[in-house]
Amino acid sequence: MAQDVLGFLLDILFQLFGIALILRAWTFAIRLHPFNPWSQALFKVTDWLVVPLRRIVPVSGRFDWPSILSCWIAALLYLWLSWLVAMGGLTPGTELLGPMLLASLLTSIKWLFNVIVWVTLIQAVLSWINPLSPIMPVLYTLTAPLLNPIRRWLPRTGGLDFSPLVLLILAQVAMMVVNHLAYASLGA
């Protein structure tokens, strides 16, 4: 029972932190203004890990490598702690180091697709309920690079936009594939 609760808490804590790191890298890539309140919140939550890494790993172009590396490190720590909880304190052997490095990369990618699902879903629901919500411009800026190519590909359907639905389906399928690859890399 306690093992399940601890595993659940680890899962929630690391997923939320990983999502914050992904959103930080994403907002950097789309050049969301750094003084935006949402950006400021992401900075406050993630600065303790990203800023020291920024001294070692440079930012290049549209890629915030320190945030991406931080997400990978968080995923690696998450997998290691999950292993400890599941095995009752037994540490994984060195033969699992390579598979854990790959699984942590795949876990980070799964978190990315999870972010895509939630941001798209929140934007779609808010567009029906409250299209003038203060967060809508941020959500639109985040999702436009993903939805616009789908909108160009889909046939015009009048006032209905099916691109969020297509993106949600594609992201869910991608999460299933990445999740399967992550488990397979660990031999599970």
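**Entry 1: the bend in H5**

I began with helix H5 and found a kink of about 55° at Ala144, shortly before the proline Pro145. I keep in mind that this is a predicted model, and that each value in these entries is computed from it.

I then asked how the ends of H5 compare with its expected span. At 1.5 Å a residue the 18 residues of H5 should span 26 Å, and because the end C-alpha atoms are 24 Å apart, I noted that the two agree.

Next I looked up which residues of H5 are buried. They are Met136, Val138, Leu139, Leu142, Thr143, Ala144, Leu147 and Ile150, so the residue at the kink, Ala144, is on this list as well. I wrote a reminder beside the list: an α-helix has 3.6 residues a turn, so residues three or four places apart point the same way. As for what the buried residues of H5 pack against, I found helix H1 (2-29), helix H2 (37-54), helix H4 (97-129) and H6.

**Entry 2: just after H5**

I followed the chain into the loop between helix H5 (136-153) and helix H6 (163-185), which is where Leu160 sits. Is Leu160 buried or exposed? Its relative accessibility is 57%, and because exposed means over 50%, Leu160 counts as exposed.

Leu160 also belongs to a nonpolar surface patch of about 640 Å², which it makes together with Phe162, Leu165, Ile169, Val173, Val177 and Leu181.

In the same region I looked at a salt bridge in which the side chains of Arg151 and Asp161 meet, at 2.9 Å from N to O. Arg151 is in helix H5 and Asp161 is in the loop between H5 and H6, 10 residues apart, so I recorded the pair as a link between distant parts of the chain. Both partners count as partly exposed, Arg151 at 22% relative accessibility and Asp161 at 38%.

**Entry 3: the salt bridges around Asp64**

How many salt bridges does the structure hold? I noted four.

One of them brings together the side chains of Arg24 and Asp64, with 4.0 Å from N to O. Arg24 lies in helix H1, whereas Asp64 lies in the loop between H2 and helix H3 (65-86), so the pair ties together parts that are 40 residues apart in sequence. Both of these residues, Arg24 and Asp64, are buried.

Asp64 forms a salt bridge with Arg54 too, and here the closest N and O atoms are 2.6 Å apart. This pair again links distant parts of the chain, with Arg54 in helix H2 and Asp64 in the loop between H2 and H3, 10 residues apart. I checked the burial of each partner: Asp64 counts as buried at 2% relative accessibility, whereas Arg54 counts as partly exposed at 34%.

Salt bridges that share partners join Arg24, Asp47, Arg54 and Asp64 into one network.

**Entry 4: the whole chain**

Last, I stepped back to the chain as a whole, which has six helices and zero strands and follows the pattern α-α-α-α-α-α when read along the sequence. Its C-alpha atoms fill a box of roughly 60 × 35 × 30 Å, taken along the principal axes.

Of the 188 residues of the chain, 39% count as buried. The chain exposes about 11300 Å², of which carbon and sulfur atoms supply 75%. Among contacts with a separation of 6 or more, residues 24 or more positions apart account for 65%.

Notes
Residues numbered from 1 in each chain as written. Predicted model: local features only at pLDDT ≥ 70, side-chain atom pairs only at ≥ 80, totals over all residues. Heavy atoms only, no water. Patch = residues over 30% accessible without salt bridge, like charges linked within 9 Å, V, L, I, M, F, W, Y side chains within 5 Å. Areas by Shrake-Rupley, 256 points an atom, 1.4 Å probe, with all protein chains shown as cover. Helix = DSSP H or I, 4+ residues; strand = E, 2+ residues; numbered from the N terminus. Buried < 20%, exposed > 50% of the residue type's maximum accessible area, 1.4 Å probe, protein only. Expected span 1.5 Å × (residues − 1). Bend = angle between axes of the 7 residues up to and from the residue. Contact = heavy atoms within 4.5 Å.
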